[in-house]
Amino acid sequence: MKQIRDVIVIGSGMIGSAIALAVSRAGTKRVTLIDKGPLVSGMTRRSPGLAHPFQAHPLLCELANSSFEFYNRWAMQLGGKNPFVTTGAAAVDFPNAEASAQFALWKEHVQNASGIAPNALQTLYPDISKQFRAAMFTPHAGYADAVLTAQAFVNAAKERGLDVQTGTQVKQIAVQGRQILGVKTTTGDIEAPDVIVAAGGWSERLLAALGVVLPLRLQRAVIAFYEQPPSVTNDLPMLIDASGAHFVRPHPYRMSAAGWISTDANFQNVDALDEYVLPNEYARVQNFLTACLPEFANTRPKRAHTVLYETCADGLPALGRVGNFDGLYIAAGFGASAFAVAPAVGESVMQMLVDGDATRDISSFHPQRVTLNPNPSATERGA
Ligand SMILES: Cc1cc2nc3c(=O)[nH]c(=O)nc-3n(C[C@H](O)[C@H](O)[C@H](O)COP(=O)(O)OP(=O)(O)OC[C@H]3O[C@@H](n4cnc5c(N)ncnc54)[C@H](O)[C@@H]3O)c2cc1C
């Protein structure tokens, strides 16, 4: 029997789960969330779950400010045990670096953050070095296990009627003329007038079948986990390098997680992620860790893994209606910001579906700016 729904969300990562939650909570739609693998089996599974407002664009800062409020009010929003740990975050810049434009952006767009002298940062957190050129601090930041968080979103949405289909690959988005009809999957067809592509790095190929060319840039990163040396006895905040290439944050069981994002964007295939961490990648992570927290100088990682993250060619996400299709939306390309902004992205997509438009101006992330053929001739494809 054909399945008939109002909304299909493709992808159960951080972004798709947050959208499924927001739309299900709005109450008026029959929503199906589809994933080709188990729940949360994409790059979210490898993500360090950072939620901080020191983002690369004013709209990302705004979405992160709003999402922090969501995480902070977890008990009211979702109930159950809150997996979110508030740490505060400092954005730091080293003497030989120059990120003044970034700091100027944050002064304007990040709520509850202010410049802090390296001495003052060290007074708050005695284990941090003083060798920074500039720093900003916000208490409104933290982290959570991204998988547990996405699963909690999905479970809360299921209580509102969300239908979840895992192990189900969307082979094609079905369209007739300009109108979206639903999806064809490996387990059958599902009809729905609205389809949201939240398939992370796999989004590009789903759209390509419709003639929409939205190239995504894939970058590799490494995340390593260290035991805190016994000499570190104080709380630590999250530390982010102003260029966005490095971070270190506390981790449960007296560990710290530190990461480095490569600037090499030559990966062509999201399924071709190499699991091995190279010595020079370990060195990059360790250098930042030790520069921030000298007590870690003699520590070695206990474990590490790689991750690919995707953005549009301009380094920003794609969020909004796609091409000249009625009922087709994308929310992908959030890269290292996905966890930080997911709840607010979910709200914006819900408003587009329910009210016709998002209350927040999200036009800077409109997919049309990066789509190479923004209005492919609509034709009959699929069901
Ligand atoms: C250094 C670094 C730090 C980062 N920090 C964070 C962070 O703190 N928080 C964070 O969230 N992210 C972070 N990221 C990014 C993170 O790794 C992911 O890029 C992000 O979580 C992607 O979320 P998503 O929901 O868009 O996509 P994904 O989690 O990749 O989900 C996409 C889903 O779509 C499914 N899918 C794909 N194609 C199909 C299909 N045809 N049919 C059905 N299902 C399909 C996949 O199976 C997958 O589950 C970081 C990345 C780096 C490199």
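**Ligand shell, core and hairpin**

Around the ligand stand 39 residues (C-beta atom, placed from the backbone, within 6 Å of it), and Gly 11, Gly 13, Gly 42, Gly 200 and Phe 339 come nearest. Two or more residues of this shell come from each of helix H1 (14-26), strand S18 (255-261), strand S19 (303-312) and helix H9 (338-355); helices (H or I, at least four residues) and strands (E, at least two) are DSSP runs, numbered from the N terminus. H1 gives the most, three residues.

The model is predicted: local features need pLDDT of at least 70 and side-chain atom pairs count only at pLDDT 80 or more, while totals for chains, interfaces and linings use all residues. Residues are numbered from 1 along each chain as its sequence is written.

Because domain 1 (3-46 + 147-213 + 314-369) and domain 2 (87-140 + 217-312) both give residues to the shell, the ligand lies between them. The domain bounds come from an automatic or database domain assignment.

The largest nonpolar core (buried Ala, Val, Leu, Ile, Met, Phe, Trp, Tyr and Cys residues joined through C-beta atoms within 7 Å; buried means 20 or more other C-beta atoms within 10 Å of a residue's own, placed from the backbone) has 129 residues, and Ile 15 and Ala 331 are among those with the most contacts inside it. H9 supplies the largest share of this core, 11 residues.

Beyond its neighbours within four places in sequence, Ile 15 is in contact (C-beta atoms, placed from the backbone, within 7 Å) with residues including Ala 198, Ala 331 and Val 345.

Strands S20 (residues 318-321) and S21 (residues 328-332) pair in the antiparallel sense over four bridges; pairing requires at least two DSSP bridges. Six residues separate S20 and S21 in this hairpin, and Gly 323 in the turn has a positive phi of about 55 degrees.

Notes
Buried ≥ 20, exposed ≤ 12 C-beta atoms within 10 Å, placed from the backbone. Contact = placed C-beta atoms within 7 Å.
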